[in-house]
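Let's take a quick tour of this model, going from the surface to the interior. Have the structure open while you read.

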Amino acid sequence: MESLNPPGIAVAVVLGLLLLVGNALSILATRMAVTGRLDRSSMGGIRTSSTRFSDESWTAAHRAALPWVTVCNGLGGTLGAVTMWLGLTVTPFLVTVGVAVLATVVGAVAQLIVGERAAARVIVGERDAARVIVGERDAARVVRTGQTVSETGPTNQITPQHPQN
């Protein structure tokens, strides 16, 4: 059985930079969404129908996903940086790259699952608030169309809201 050859410094640096930069951008986008510097109409962030439903669901999703992103993508990025120095080895390089990719994938999946659930909880809360103000029949329409509801005394008013896409 032949022994494996090391990947070389160039391959290690390119792969390490991809892991480092990709994971750093994921962390940065999530932090920016939590602080309000990345809105739901932008190209970054956790982009599902639930997270883009409202500003509140967008922020809640990213706030819930931030610990997962910080740990998993932080580990993936750190191991990506370590990968750059292991280009002349075989086993340490393969193990480090494997764990870095695994941490990156776990971070991405965790963002989607945790963020989607947090956004769904906010949407359910908005639907319940709409039921209290405009009644059961109109609440589904308000939530489905993304309208805002304001309580204006005896005549509750439903105002159309133009979604940001």
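A quick word on terms before we start: a residue counts as buried under 20% relative accessible area, as exposed over 50%, and as partly exposed in between. Keep in mind, too, that this is a predicted model.

**A nonpolar patch**

By that yardstick Leu-112, at 45% relative accessibility, falls in the partly exposed class. You'll find Leu-112 in helix H3, which covers residues 91-134. Leu-112 also belongs to a nonpolar surface patch, together with Val-101, Val-105, Val-109 and Ile-113. Taken together, these residues offer about 390 Å² of accessible area.

**Trp-68 and its surroundings**

Now hop over to helix H2, residues 55-83, where Trp-68 sits. Trp-68 has a relative accessible area of 42%, so the label here is partly exposed. What does Trp-68 touch, once neighbours within four places in sequence are set aside? The contacts are Asn-73, Ala-110 and Val-114. There's also a C-alpha separation worth a look: Trp-68 and Val-106 lie 38 residues apart along the chain, with 8.7 Å between their C-alpha atoms.

**Asn-73**

One of those Trp-68 contacts, Asn-73, is in helix H2 as well. Is Asn-73 buried or exposed? With a relative accessible area of just 3%, Asn-73 is buried. Its side chain makes a polar contact of 2.7 Å with the side chain of Asn-23. Beyond the neighbours within four places in sequence, Asn-73 is in contact with Asn-23, Ser-26, Ile-27, Trp-68, Thr-104, Gly-107 and Gln-111.

**The salt bridge**

Side chains of opposite charge can pair when their charged atoms come close. How many salt bridges turn up in a search of the whole structure? The count is 1. The partners are Arg-40 and Asp-55, whose closest N and O atoms are 2.8 Å apart. Arg-40 comes from the loop between helix H1 (9-35) and H2, while Asp-55 is part of helix H2, so the pair ties together parts 15 residues apart in sequence. As for accessibility, Arg-40 is buried at 3%, whereas Asp-55 is partly exposed at 38%.

**Accessibility in one place**

Here are the residues discussed above, with their relative accessible areas.

| Residue | Relative accessible area | Class |
|---|---|---|
| Leu-112 | 45% | partly exposed |
| Trp-68 | 42% | partly exposed |
| Asp-55 | 38% | partly exposed |
| Arg-40 | 3% | buried |
| Asn-73 | 3% | buried |

Key: Residues are numbered from 1 along each chain as its sequence is written. This is a predicted model: local features need pLDDT of at least 70, side-chain atom pairs count only at pLDDT 80 or more; totals for chains, interfaces and linings use all residues. Side-chain values use heavy atoms; hydrogens and water are left out. Patches are made of residues with over 30% relative accessible area and no salt bridge: like charges are joined within 9 Å, nonpolar side chains (Val, Leu, Ile, Met, Phe, Trp, Tyr) within 5 Å. Accessible areas come from the Shrake-Rupley method with a 1.4 Å probe; for residues, only the protein chains shown count as cover. A salt bridge is a side-chain nitrogen of Lys or Arg within 4 Å of a carboxyl oxygen of Asp or Glu. Helices (H or I, at least four residues) and strands (E, at least two) are DSSP runs, numbered from the N terminus. Buried means under 20% relative accessible area, exposed over 50%, partly exposed in between (1.4 Å probe, protein chains only). Contact means heavy atoms within 4.5 Å. A polar contact is a pair of N or O atoms within 3.5 Å; within protein, one must be able to donate a hydrogen and the other to accept it, and residues adjacent in sequence count only if both atoms are side-chain atoms.
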